[in-house]
Amino acid sequence: MSSERSSRAEDAALRAELAAAHERGEAEQAQALIDAFVGRAREIDLPLQPLTARLLSGQQVRTNAQGWYIKNDRSVAIGAEGEFYVLVVPGGWRERIRGVVLKPSPPPLVVARGARDGVSGDLAYFLDRALRHGATQE
């Protein structure tokens, strides 16, 4: 029984390591797309905007970052230096008053993976659309 448990634990640890390695590889590929986007956005003088975030309760709050929104609902943005930001954050009254300090997330190749159709999509699509439509308009 004990060797069966350790075997399961080893299998679980291996699966977790493989998943983490896959996520790191995906983030590297996504970051290359983001770096190209930032270069092109600067080339065409796409204006940076102060980014706002949305608390889980729905209130909009200011942030410490500037960048380009890549989704129409302004829930995802690319920072001025190529950071990937998810702009739906936890918080309460303190964050409503002070704002939030955004922390970049590892970028995925598929934005909002697992969400309903029309909400999720390839990162490359959202980046290209942001360049074509001025990053905030559609």
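Let's start with Arg 74, which sits in the loop between β2 and β3. This is a predicted model, so please keep that in mind throughout. What is the phi of Arg 74, given that it is not a glycine? Its phi is positive, at about 60°. Why might we stop to look at that? Because most residues other than glycine have a negative phi. As for its surroundings, Arg 74 has 35% relative accessibility, and since that falls between the 20% and 50% cut-offs, it counts as partly exposed.

There is another residue of this kind. Asp 45 is not a glycine either, and its phi is positive, near 55°. You can find Asp 45 in the loop between α1 and β1, where β1 covers residues 49-55. Is Asp 45 buried or exposed? It has a relative accessible area of 64%, and exposed means over 50%, so Asp 45 is exposed.

Now let's zoom out to the whole chain. You should be able to pick out three helices and seven strands. If you walk along from the N terminus, the order is α-β-β-β-β-β-α-β-β-α. In space, the C-alpha atoms fill a box of roughly 60 × 40 × 30 Å along the principal axes. The radius of gyration is 18 Å, while a compact globule of 138 residues would have one near 14 Å.

How much of the chain is buried? Buried residues make up 31% of the 138. The chain exposes about 8,800 Å², and carbon and sulfur atoms supply 52% of that area. For contacts with a separation of 6 or more, 52% come from residues 24 or more positions apart. On the charge side, there are 18 positive and 18 negative side chains, and the centres of these two sets lie 9 Å apart.

Next, the aromatic rings. How many aromatic pairs does the structure hold? It holds two. One of them joins Phe 37 and Trp 68 edge-to-face, with 5.6 Å from centre to centre and 85° between the planes. This pair links distant parts of the chain, because Phe 37 belongs to helix α1, residues 2-43, and Trp 68 to strand β2, residues 60-69, with their positions 31 residues apart. Both Phe 37 and Trp 68 are buried.

Tyr 125 and Phe 126 have ring centres 5.4 Å apart and planes at 70°; over 60 counts as edge-to-face, so that is the label for this pair. Which of these two is buried, and which is partly exposed? Phe 126, at 4% relative accessibility, is buried, while Tyr 125, at 43%, is partly exposed.

Let's finish with two glycines. Gly 39 has its place in helix α1, and with a relative accessible area of 35% it is partly exposed. Gly 39 and Arg 24 are 15 residues apart in sequence and 22 Å apart in space, going from C-alpha to C-alpha.

Gly 82 is in the loop between β3, residues 76-79, and β4, residues 84-86. Its relative accessible area is 5%, and buried means under 20%, so Gly 82 is buried. What does Gly 82 touch, once we leave aside its neighbours within four places in sequence? It is in contact with Gln 31, Ile 34 and Val 38. Try finding Leu 33 as well: Gly 82 and Leu 33 are 49 residues apart in sequence, and their C-alpha atoms are 9.7 Å apart in space.

Terms used
Residues numbered from 1 in each chain as written. Predicted model: local features only at pLDDT ≥ 70, side-chain atom pairs only at ≥ 80, totals over all residues. Heavy atoms only, no water. Helix = DSSP H or I, 4+ residues; strand = E, 2+ residues; numbered from the N terminus. Rg over C-alpha atoms; globule rule 2.2 N^0.38 Å. Buried < 20%, exposed > 50% of the residue type's maximum accessible area, 1.4 Å probe, protein only. Contact = heavy atoms within 4.5 Å. Areas by Shrake-Rupley, 256 points an atom, 1.4 Å probe, with all protein chains shown as cover. Lys, Arg positive; Asp, Glu negative; His and termini not counted. Charge placed at Lys NZ, Arg CZ, Asp CG, Glu CD. Phe/Tyr/Trp six-rings, centres within 6.5 Å; stacked < 30°, edge-to-face > 60°.
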